[in-house]
Amino acid sequence: MAEPTEDTPGDTLAGNAALFERACAVLPGGVNSPVRAFGSVGGTPYFVARGHGAHVWDAEGNRYIDYVQSYGPGILGHAPPPVIAAVAAAAAAGTSYGAPTEREVRLAEEMCARIPGLEMLRLVSSGTEAAMSAVRLARGATGRNKIIKFAGCYHGHSDSLLAAGGSGVANQGLSGCDGVTPGAVADTVVAPYNVVPDIDDATAAVLVEPVAANMGLVAPTPGFLEGLRAACDGTGALLVFDEVITGFRLARGGATEFYGIRPDLWCFGKVIGGGLPVGAFGGSRETMGHLAPLGGVYQAGTLSGNPLATAAGLATLEALGPDAYDRLETVAVRLAAGLEDAFSAAGVAAVVPRVGSLLGLFFGAETPRNFDEASASVASGLYAPFFQAMLRRGVALAPGPYEAIFVSLAHSDADIDETIEAATEAAAELA
């Protein structure tokens with residue numbers, strides 16, 4: 001772990017443990033999102049004081065190579081100069097108006113230009129809001145009530161979508177959520193990932209992560225997405241791609257370009273905000289025409305299309321040309337191979353699945369295809385000691401075994417070398 005230097009924050013007024021103690025007095029569990037509490041991995045969370053490029057520094061001045069990258073938005077790394085400059089310029093003109101701006105039009109135009117079939121969209125403030133609104137729109141457009149989702153896929157914390165959710169829900173050892181009434185999930189059907197479920201004419205929408213990145217990383221098996229598209233076409237249900245993670249990360253046109261499958265509705269977040277709170281949902285003109293003020297499906301948000309967030313999102317997308325995706329994949333391929341070699345050398349059974357620039361980590365000999373198989377890997381209990389061993393060596397992974405590993409354009413060859421060296425030592429500890 002690197003020592004603080006003159007360009008790192010050094011010690012703040014309080015260290016990590018002291019900050020966590022203070023936080024626990026005023027924030028439930030000391031955090032504003034459950035996985036940050038380190039409940040799955042043990043120990044005290046580090047408090048980030050600063051981020052730059054591929055690195056973050058904690059409140060005590062320790063530097064980490066960061067593979068959390070805010071769970072996806074940091075595709076350019078932390079504090080990328082084009083994004084910082086765009087946000088600063090936007091902030092100087094005002095932070096919120098409650099009125100339309102040119103920049104939100106430009107962001108929507110850029111997104112629609114990149115994704116075949118995406119004709120109109122509505123900007124919101126989070127991925128949760130995007131998925132919740134997409135479900136409402138699908139029900140309004142079809143006149144049906146039932147929705148189908150897949151075990152281990154996480155679509156935010158709205159009531160009807162929390163059933164058998166992955167990621168943060170699974171990291172807490174929960175299968176659902178207190179406070180969600182039976183009526184809220186009565187029209188939600190949960191199916192196993194990578195199996196095309198029975199879809200009838202009562203189904204309004206089928207929601208799926210085209211690459212499941214909230215149960216570790218589970219890729220769609222050949223024919224799964226194609227089967228969902230055909231089944232929805234046959235029944236009139238709307239296919240919804242939750243691309244909050246995959247959108248503009250897998251490819252310039254997201255999962256639609258990557259797999260060649262067009263859904264009826266898309267949900268976006270993460271990358272399109274450049275690190276600021278943004279989400280979006282969209283589809284064809286016909287489907288989006290059901291949304292107020294054109295139609296009878298109501299949705300609104302005071303901060304939707306926020307000028308700072310749209311500035312950050314535009315600057316991020318402008319930096320993501322074809323060369324950027326080639327670089328991201330090169331980094332991801334090298335990291336995945338290095339991690340696999342580290343585990344193999346130590347005699348530790350582990351797999352590192354990869355889709356584009358997204359990586360996963362499962363302990364065991366087989367690559368999971370669904371949530372049950374992913375959970376069996378987690379049950380080995382090896383992720384927590386590996387996480388801690390890596391953290392001691394200055395490498396920050398997500399503090400939960402159901403999360404993906406995110407590389408960025410800021411991760412250098414030296415960062416990957418240092419990570420592989422740390423993984424080699426950490427794997428040897430596990431063995």
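Begin by selecting helices α2 and α9, where α2 passes α9 in a right-handed crossing; keep in mind throughout that this is a predicted model. Helix α2 covers residues 81-92 and helix α9 covers residues 307-318, and the two pack at an angle of about 150° with their axes 8 Å apart. Because angles over 145 degrees count as roughly antiparallel, α2 and α9 are described as roughly antiparallel to each other. To see the contact itself, show the side chains of P82, V83, A86, V87, A90 and A91 in α2, which meet P307, L308, A311, A312, A315 and T316 in α9. Sorted by class, this contact of α2 with α9 has 11 nonpolar residues, 1 polar residue and no charged residues.

Next, select residues 279-283, which make up strand β10. Is this strand enclosed or open to the outside? Of its 5 residues, 5 are buried, so β10 is largely enclosed by the rest of the structure. In a regular strand the side chains alternate between the two faces of the sheet. Turning the view around β10, you will find G279, F281 and G283 pointing one way and A280 and G282 the other way, all of them buried.

Keep β10 on screen and add its pairing partners. Strand β4, residues 120-124, is joined to β10 by 5 bridges, and the two run antiparallel; within this pair, M120 stands opposite G283 of β10. Strand β9, residues 265-268, is joined to β10 by 4 bridges and also runs antiparallel to β10, with C267 standing opposite F281.

Now move to another sheet, and select β1, β2, β3 and β15. These 4 strands form an open sheet in the order β1-β2-β3-β15, with mixed pairing. Its edge strands are β1 (48-52) and β15 (395-396), each of which pairs on one side only. Going inward from the β1 edge, you reach strand β2, residues 55-58, which pairs with β1 in the antiparallel sense over 4 bridges; H52 has H55 in β2 as its bridge partner.

Stay with β1 and pick out G51, which has its place in that strand. How exposed is G51? Its relative accessible area is 23%, so G51 is partly exposed, given that buried means under 20% and exposed over 50%. Leaving aside residues up to four places away in sequence, G51 touches V56, W57, H78 and A79. If you draw a distance from G51 to Y64, C-alpha to C-alpha, the viewer should show 9.4 Å, for two residues that are 13 apart in sequence.

The last stops are backbone details in loops. Select F38, in the loop between α1 (16-26) and β1, where phi is positive at about 65° although the residue is not a glycine. With a relative accessibility of 4%, F38 counts as buried. Then go to N194, in the loop between β6 (188-191) and β7 (203-208), whose phi near 70° is again a positive value in a residue other than glycine; N194 is buried, with a relative accessible area of 13%.

Finish at P293, in the loop between α8 (285-288) and α9, and display the backbone from A292 onward. Which form does the peptide bond from A292 to P293 take? This bond is cis, with omega near 15°.

Note on methods
Residues numbered from 1 in each chain as written. Predicted model: local features only at pLDDT ≥ 70, side-chain atom pairs only at ≥ 80, totals over all residues. Heavy atoms only, no water. Buried < 20%, exposed > 50% of the residue type's maximum accessible area, 1.4 Å probe, protein only. Pairing = 2+ DSSP bridges. Axes fitted to C-alpha atoms, helices over the stretch in contact; angles between N-to-C directions. Parallel < 35°, antiparallel > 145°, perpendicular 65-115°, else oblique. Left-handed = near helix turned anticlockwise from the far one by under 90°. Contact = heavy atoms within 4.5 Å. Nonpolar A, V, L, I, M, F, W, Y, C, P; charged D, E, K, R; others polar.
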